[in-house]
Structure formats: structure tokens, C-alpha cells
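This report describes one protein chain, going from its strands to its ligand and then to its domains. Keep the structure in view while reading.

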Amino acid sequence: MNSQISPQNQQVALNWRLSVAPMMDWTDRHCRYLHRLLTRHTLLYTEMVTTGALLHGDVPRHLRFNAEEHPLALQLGGSEPADLARSALLGAQWGYDEINLNCGCPSERVQRGAFGACLMNEAPLVADCVKAMRDAVQIPVTVKHRIGIDKSESYEFVRDFIGTVAEAGCEVFIVHARNAWLKGLSPKENREVPPLRYDVVAQLKRDFPQLTLAINGGFKDNQSVAEQLEQVDGVMVGREAYHNPWWLASWDAQFYGDAPSELTREAVEEQMVDYMEREALAHGTHWYSIARHMLGLRHGLPGARRWRQVWSDHRLKVLPAREVMALARAPRSEDAGTPN
Ligand SMILES: Cc1cc2nc3c(=O)[nH]c(=O)nc-3n(C[C@H](O)[C@H](O)[C@H](O)COP(=O)(O)O)c2cc1C
């Protein structure tokens, strides 16, 4: 389960030690390009793509990515085994390194489509989905899910879900360590209100030592990540990775044994501007839709607010990205010592 050969004949060693979570509207290919500049080894996930969007929509728009983004997982949303198999095959053909099935999204829209977190109530169906996808592709098929549905605190529920899905051949589970409340909470509240219970994931790892289990939910610093890596196989980080991307620059040294990074925020910003220029030429992408993902790059530094305001000022959209960078960097006396 460790190394795979993608269709581009690229040897990609997959491991789930650190990953950045799938986040709709956030982890698009531009965001992932930024994250990859910051960490070479961390596994990156796409936003969720539904089987409907993929099988009836614009495939390149949903699946195109930059070669630099590997190792890269495609997250699918759906509950029809045949549709998921076709979508997984498309993902493998496009060169993704892993296919992940979303069994954790609580949004009402997703529930109406009968997938996401409500699939946890239908473990045999999830097993069929996993089997169909595994039959279609050679790359790993993994599942991301919650520890329970609504207010139930039954450990057996999540244990049996994993047991059933593992029997269909799934060897990797990413567990968002809180319940999904399917009624009454918005998706945002569903990432905040149901309590985190890391002990449940530790118990799952003890009960399924042969499986790869990664924990997700609420991680914000290297110490709490390191503590989890004593108990489980991996940690997936969502919001903090997005809001404070510079954190990722410490991960290769901290968690993969690389030499300490010599990267600077300025160098990353310059490489992003190079990327914006290439993207504009190749695909007509406006720098604004790339810059929005790096607004947290100076998080915590003096002058961060003004830097962020320049990069997000829509009145500057008429300027080339390189000029915007110069404006963002121009020193202002009142910045000295100003917290962001
Ligand atoms: C804006 C946003 C969009 C998200 N979209 C998805 C998604 O498409 N698929 C998914 O499995 N989880 C999605 N999530 C949930 C995250 O993957 C993750 O499970 C959750 O944010 C908890 O991790 P964190 O506390 O590190 O942020 C989303 C989260 C956010 C904030």
C-alpha cells in the first residue's frame, strides 16, 4: 500500500502522516500549489467533486491540476457504486494518487443527494462503493468520515462502520473526530459544535492495528500533531493550514526528517507571483483568484493586515500581480511594531 505508479509513470510514495484536508472552495489547485511550495511531503486533497459534476460536467475544470501537486488525492462525493467507479477511473486516468470517498459532509444539500455523512448509516452501501472503486483503479481508495451521527455516542457504530468498509478492501480511514449532527446545524457549526473526541480514534487504532488511521479535527500546532502521531498513523489539518499556511513550512523537517527549511515567506510570495503569471498566460486565470489563498501567509507578523489588504483589494485587479506585490511590500512607517 505504500508506493504507486501513476499513469505519468511517476513513483509516488503515499503516506498519510500529514495531510491537508479537502475543503470546498478553498483547496483548489491554486491553493494546493501554494501548499506544495511550503511542504514537499504532505499529502494534499482536492475539494470534494461529486460524481454528478464529474460524469455530466466539465471534466478538465474539475480534475485539472499542476504536476507539482503530487502526492495528491481526489475526494469524491457520491453513493452510486457504478458512478463512483467511473469517477474514480477518471481520477486515476488524470494522474491522482488516491481516491477518497466523503462520508463526513453534513450539508443538507449533500444529504438530499444521499451521500456525505449520512452514508455512515449505510455501511454496506459504502462497502459496495469502495469495492466498485477498487475494482476500477489500482491506486488506494480511502474513506473520510466522522465518529458518529447526531447525538449518538455509540463506539460500536463507528467501529462497525470501519469494520464493514475495511472488509471491502479499504485500508485507510481519515476520521474527523466529532459527530455530524444531521439536523439543525449548518456545515460550519458542524465543524465547531459537536465535541472533539480524540480518544475514540485512538481506540479505533487499537482495534484495527492493521489499518492506516489518520485523525482530523482541531489541530493547530506541531506539538498536538506530534502527540497524535504517537497513537495514530496520521494527522489531517484543515482550517489552520488554510488560515496560517506558513505553519506548513515546518512540517517536512518536523515530521519527515528533512533538514530545516530555508524557505522565506518572501520567496514563497515571489514563486506565487511567477505562478500567477504562468496561469494568466496558460489559462487566463486572474491573479486575484490565486492570491486569495495566500492571504494568511504573513499571519502573526507585524504589517500582516496591510499586506493582506493590498492583496485582496479588488480595486487593484487592473494591475499586474507583480505590481501588487510591490505595493503590498512597500514599507509604511505606521507598520513598525503593529500587530496584525
Ligand atoms: C470551507 C470548508 C470546506 C470543507 N469542505 C470539505 C469537503 O469538501 N470535503 C470534506 O470531506 N470535508 C470538508 N471540510 C471539512 C474539513 O475537511 C475538515 O474535516 C474539518 O474542517 C475539520 O478539520 P480542521 O479542524 O482541521 O479544520 C470542509 C471544511 C471547511 C472549513
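Strand 6 (residues 98-103) and strand 7 (residues 141-146) run parallel and are joined by five bridges. Within this pair, Ile 99 faces Val 141 of strand 7. The model is a predicted one.

The pair belongs to a wider arrangement. Eight strands close into a barrel, in the order 3-4-5-6-7-8-9-10, and their pairing is parallel. From one strand to the next, the twist averages 25°.

Next comes the ligand. How many residues surround the ligand? There are 23 of them, and the closest are Ala 21, Met 23, Met 48, Gly 238 and Arg 239. Two elements, strand 4 (43-50) and helix 10, each give two or more residues to this shell. By class, the shell around the ligand holds nine nonpolar, eight polar and six charged residues.

The chain as a whole is assigned two domains: domain 1 covers 3-256 and domain 2 covers 265-335. Their C-alpha centres lie 30 Å apart. The contact between the domains takes 11 residues from domain 1 and 12 residues from domain 2. On the side of domain 1 that touches domain 2, helix 1 (29-38) and helix 10 (239-243) each supply at least two residues. Helix 1 gives the most to that side, with six residues. The residues of this side of domain 1 divide into eight nonpolar, three polar and no charged.

Helix 1 also packs against helix 12 (residues 265-283). Two packed helices are described by the angle between their axes and the distance between the axes. For helix 1 and helix 12, the angle is about 140° and the axes are 10 Å apart. Helix 1 passes helix 12 in a right-handed crossing. From helix 1, the contact is made by Tyr 33, Leu 34, Leu 37 and Leu 38, and from helix 12 by Val 268, Gln 271, Met 272 and Tyr 275. Sorted by class, this helix contact has seven nonpolar, one polar and no charged residues.

The table lists the class counts for the three sets of residues described above.

| Set of residues | Nonpolar | Polar | Charged |
|---|---|---|---|
| Shell around the ligand | nine residues | eight residues | six residues |
| Side of domain 1 that touches domain 2 | eight residues | three residues | no residues |
| Contact of helix 1 with helix 12 | seven residues | one residue | no residues |

Definitions and conventions:
Residues are numbered from 1 along each chain as its sequence is written. This is a predicted model: local features need pLDDT of at least 70, side-chain atom pairs count only at pLDDT 80 or more; totals for chains, interfaces and linings use all residues. Domain bounds come from an automatic or database domain assignment. Two residues are in contact if their C-beta atoms, placed from the backbone, lie within 7 Å. Helices (H or I, at least four residues) and strands (E, at least two) are DSSP runs, numbered from the N terminus. Ala, Val, Leu, Ile, Met, Phe, Trp, Tyr, Cys and Pro count as nonpolar, Asp, Glu, Lys and Arg as charged, and the others, Gly among them, as polar. Axes are lines fitted to C-alpha atoms, for helices over the stretch in contact, and angles run from 0 to 180 degrees between N-to-C directions. A crossing is left-handed if the near helix is turned anticlockwise from the far one by less than a right angle, and right-handed if clockwise. A residue is near a molecule or strand if its C-beta atom, placed from the backbone, lies within 6 Å of it. Two strands pair if DSSP finds at least two bridges between them.
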